[in-house]
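Biologist: Please pick one part of this structure and take me through it slowly, contact by contact. I would like to know how each term is defined as you go.

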Amino acid sequence: MVENVIIIGGGPAGLSAAIYLARANLDPLVFAGSPPGGQLTLTSEVENYPGFESILGSELIEKMKNQAKKFGARIKDENVKSVEIRQSRIDKIGQSQIQSDKISKNKTDYIRFHLITSDSIQLNPITSKSIIIATGAKALWLNLPSETRLRGKGVSACATCDGFFFREKIVAVVGGGDTALEEALTLTKFAKKVYIIHRRDFFRASKIMQERVFANKKIEIIWNAVVEEIIGKMHVEGIKIRQSQIQSDKISKNKTDYIRFHLITSDSIQLNPILSVLNVDGVFVAIGHKPDTDIFKGQVEMDERGYIITSTRKAIDKIRHNQMKSDEISKNKTDYIRLNPILSDFNFDYQRMTSILGVFVAGDCADPYYRQAVTAAGTGVEAALEVEKYLESN
Ligand code: NDP
């Protein structure tokens, strides 16, 4: 049997795509993962998903799942272990014949087959005319037992999602990249005080973000510090930090004129300068994300961090590249940029298509920027509508 579409991922992106494709009578098969549900199931309350003033992340996922099932989507709570993307053709009696990889990419009399192997179907791989990759991304954590225990009870990896719960409270952000600084700035809209705990004496974040952080009076930076433990029984009450010797006169490599070293002066710091306890109500870990895309490596185009590249992103990157080049080399720069029509293997009729015809992507595994449940759901719908169009015309 050849499937119309297989959706890999059971978070908001995959399930929104499933709802649309099931309603379009395309009988989607969803591999929702094990345990299913993605990042949303790790958060407690969600207050920024339109239509729900407040709902548990796991409950929201359950509702999406039931909605998709109601329209006929088949959902398996299984992990896809490997994916092999190949091309094959349908012969006159409808039998598929796997062919070599050399078949022309845009030839419409060939249907592309995607062989998928999961636990239960290792011996009998599934083939499909199209795929939506919606495997998400995982926030990186400090891997402290106390952090895992208090996740959703004051420990978070998303200020946009959870900042609201910390009005007039004291919070700490861990990390020194753009995400950490952005999280800290977001949190200043709610919290009365925001600490940034960073393991070095300089930030790797962009200068403009650093400027904003340094100018914000609610933010205090604790340099050269590592979080050793998050304190609290039922919810976060503080953090134990270990600080290496602060060298306030040391000139950091990335230091700009306005970088100052903020020594710890807070009353809430006790013990000694090496091992300290900081009283905080929330901890936001912002040390990076990792998209769950390992099984697609070498098959679809990704950036250096593993985010899958859509045709839209490819075009934007190309425009940026051309812009930079023209800024550099042309004094008589025109105010428009012409796109090179040959941009690798991407098909620009479909915005959510990857570098491989028939393979679409939605949600956080292709989104290093927004990472919200609602944006993931939105791109899931886009991918579903494009799959529908693709299947009609192929
Ligand atoms: P980055 O990898 O840039 O930064 C991660 C930060 O976390 C680093 O400061 C790193 O420290 C620190 N860190 C890593 N592991 C640990 C650990 N175990 N304990 C303590 N600290 C740790 O990730 P980001 O998510 O910040 O950014 C990813 C990319 O996305 C970047 O290219 C960034 O520029 C981009 N981005 C852009 C934004 C924008 O333009 N508005 C917003 C957000 C992200 P160290 O410095 O010591 O390595």
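**A pair of strands and what surrounds it**

Modeller: Happy to start with one pairing: isoleucine 8 has phenylalanine 31, in strand E2, as its bridge partner. Bear in mind that this is a predicted model, where local features need pLDDT of at least 70, side-chain atom pairs count only at pLDDT 80 or more, and totals for chains, interfaces and linings use all residues. Residue numbers start from 1 along each chain as its sequence is written.

That partnership belongs to strand E1 (residues 2-8) and strand E2 (residues 29-31), which run parallel and are joined by three bridges; strands pair if DSSP finds at least two bridges between them. Helices (H or I, at least four residues) and strands (E, at least two) are DSSP runs numbered from the N terminus.

Stepping back, E1 and E2 sit in an open sheet of five strands, ordered E5-E2-E1-E9-E20 with parallel pairing. Strand E5 (74-76) and strand E20 (359-361) are its edges, each pairing on one side only. From one strand to the next, the twist averages 25°. Helix H8 (residues 373-393) packs on this sheet and touches E1, strand E9 (127-133) and E20, with its direction at about 155° to that of E9. Contact here asks for C-beta atoms, placed from the backbone, within 7 Å, and angles run from 0 to 180 degrees between N-to-C directions of axes fitted to C-alpha atoms, for helices over the stretch in contact.

Now for the ligand. It has 16 residues around it, of which Gly176, Gly177, Asp178, Thr179 and Ile287 come nearest; being near means a backbone-placed C-beta atom within 6 Å. By class, this shell holds five nonpolar, six polar and five charged residues. Here Ala, Val, Leu, Ile, Met, Phe, Trp, Tyr, Cys and Pro are nonpolar, Asp, Glu, Lys and Arg charged, and the others, Gly among them, polar. Helix H5 (residues 178-187) gives the most to the shell, with four residues.

H5 also packs against helix H6 (residues 207-215), at an angle of about 35° and with the axes 10 Å apart. Asp178, Leu181, Glu182, Ala184 and Leu185 of H5 meet Met209, Gln210, Arg212 and Val213 of H6 in this contact. Those residues divide into five nonpolar, one polar and three charged.

As a last stop, an antiparallel pairing: strand E16 (residues 238-243) is joined to strand E17 by four bridges, and isoleucine 239 has leucine 278 of E17 as its bridge partner.

Definitions and conventions
Two residues are in contact if their C-beta atoms, placed from the backbone, lie within 7 Å.
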